Amino acid sequence: MLEKLKAYKKYFLVGLTSVVVGSILIVIFKTVDNAPNLIMTIWEAIKNFFGVISPVINAFIAAYLLYYPVVYIENWINKGLDKLVPKRDREKRKASIRLISVTLIFLAVIGLIAMIINFIIPPLFDNIKILIHSIPKYEAQFNIWMKEIGKVLNTLNIDITNINIFNYVKDFLINGGQLLINSLGGLISSFSSFVIDLVVSVILTFYFLKDKEKLFAMISKFGTIVCTPKVKDNIIDFVKTLDDVVGKYLLGTILDSFIVGVVSVLLMILIKHPFAILIGVAAGFTNVIPYVGPIVGSGLAFVLGAFTSLGLGITGAVLLLLYQQIDGNIVQPKIVGDKVGLLPVWILIAVLIGGSYFGGIGMIASVPTAALIGVYIDRLYKCKIGKK
C-alpha cells in the first residue's frame, strides 16, 4: 500500500510540475503574443498617471527654481532685522520671514508675467505676422541674390539652378507658424483643465516653498523607515550632487538666458531692427544650448536684417556675436560658475547625442547630465586609486 502511495505521489509531482510549467509557458506565449498591446496599455497607464500628478511635478519644478531667490530675500530681510532686534529671536520669526519672502517672490513673478504678456507677447506676434506676410517679397529678393550668385558660380562651372534654398526656409516658417497656431488652439480648447492645473500648481508651489524644511523632514523619516542607512546616505548624496551639478547649472543658465534675451532685444532696438523682439526671444531661448544658441541668434539677426538692408543684417549679427563673447567669458562664468567642468569637445558630443535622441530637451539636458556622469566617474576613479 505504501509503495503504491509513493508511486502515486511521484506521478502526482510530475503531473503538477507539468501543469505549472505548461501554465508558465502559456502565460509567456500570451504575453509575447500580446506584447504590443500590453506595452501600449502600460504606456497609456503611465501617461495617465503622470497626467494626473502633472500639477505636483510642475509645482515641484517651480518651487525648485524659486527656492534660491526666496532664500536670498529671506537672508536680506534677516540681516536688516538683526540690526533692530536680537539675533536670538531669529528662530521665532523664521516662519513669518519665510511667508513674507515667498509672497514677495510670487508678486515679482506675477509682475514679470504681466510685463511679458503686455510688452513681449503682442510685438512678438506682430513680428511673426509681418514675417509670414513678407515671405513673397523676401522670396523675390532672395531669387535676385541667387541669380547674382549663380552668375559668379557659373564662371567656376558650379550649377545651382536646381537648388532652391528659400523653399526650405519658407516651408520651415509656414510649418512653424502653423504649429504655433495649432498649439494655441489646443490650449484654448483645453482652457478649463489648464486653468485648474495652473491654480493647483500655484497653490502647491506656495506650500512647497513655505514648508520646504518640514516636507523634507517627513521624506527623511519615510526614507529611514523603508531604506537601510547606507542606501539612504547614498540617495541623499546623489540628490545633493544632482542639485549642485545639474540644478544650479540649469538655474544659472536660465538666468543668463533671460539676460541674453533682454540685452539682445535692446541691441536690436538700438539699430532699429524690424524683428528685434523675435530675435531677442530666439536668442534667449536658444542660449540654453551651448555653442548653438549664439549661432542661432546671430544668424537670425543677419538673415532677417539682410532683407531690409545688408548693412543692418551684418550689424545685427556682429553686435550679437560681440555680446555673446562678453556673456560667455564674463557674465556666464559669474552666474553659472564652473559646475560643468567639461572640455568643449565633450560638451559638443553631449549636445549632439542629446539632440539626436531627444530633440531640444535633450540638447538642454545633455550637458548637465554629462557633467553628472563625469562627477561619478571621477569618484569611482579616486575610490579605485585609493584602494591600491
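This passage describes a pocket, a nonpolar surface patch and some salt bridges in a predicted model. Residues are numbered from 1 along each chain as its sequence is written, and side-chain values use heavy atoms, with hydrogens and water left out. As the model is predicted, local features need pLDDT of at least 70 and side-chain atom pairs count only at pLDDT 80 or more, while totals for chains, interfaces and linings use all residues.

A good place to begin is the largest pocket, which holds about 2,600 Å³ of space. A pocket here is an open set of points on a 1 Å grid over the protein atoms alone, where a 1.4 Å probe fits, with protein on both sides within 12 Å along at least five of seven lines; lining residues have an atom within 4 Å of a point. The lining comprises 48 residues, and L112, I113, I116, I254 and F258 lie nearest the centre. By type, 36 of the lining residues are nonpolar, ten are polar and two are charged. Helices (DSSP runs of H or I, at least four residues, numbered from the N terminus) that each supply at least two lining residues include α3 (54–82), α7 (191–210) and α9 (229–270). Helix α4 gives the most to this lining, with 14 residues.

I254, found in helix α9, also helps to make a nonpolar surface patch of about 1,000 Å², together with M40, I42, W43, I46, F49, F50, I57, F60, I61 and L65. Patches of this kind consist of residues with over 30% relative accessible area and no salt bridge, nonpolar side chains being joined within 5 Å. Helix α2 (35–52) and helix α3 each supply at least two residues, and α2 gives the most, with six. I254 counts as partly exposed because its relative accessibility is 44%, between the limits for buried (under 20%) and exposed (over 50%), with a 1.4 Å probe and protein chains only.

Turning to charged pairs, the count comes to seven salt bridges, each a side-chain nitrogen of Lys or Arg within 4 Å of a carboxyl oxygen of Asp or Glu. In one of them, E44 pairs with K47, the closest N and O atoms being 4.0 Å apart; the two residues are three apart in helix α2, about one helical turn. D126 and K129 meet at 3.9 Å, N to O, and are likewise three residues apart, in helix α4. Salt bridges that share partners also join E74, R98 and E213 into one network.

Within that network, E213 bridges to R98 with the closest N and O atoms 3.1 Å apart. This pair links distant parts of the chain, 115 residues apart: E213 lies in helix α8 (residues 212–226) and R98 in helix α4. E213 is partly exposed at 33% relative accessibility, whereas R98 is buried at 5%.

Definitions and conventions:
Points joined across faces, edges and corners; volume = space filled by probe spheres on them. Nonpolar A, V, L, I, M, F, W, Y, C, P; charged D, E, K, R; others polar. Patch = residues over 30% accessible without salt bridge, like charges linked within 9 Å, V, L, I, M, F, W, Y side chains within 5 Å. Areas by Shrake-Rupley, 256 points an atom, 1.4 Å probe, with all protein chains shown as cover.
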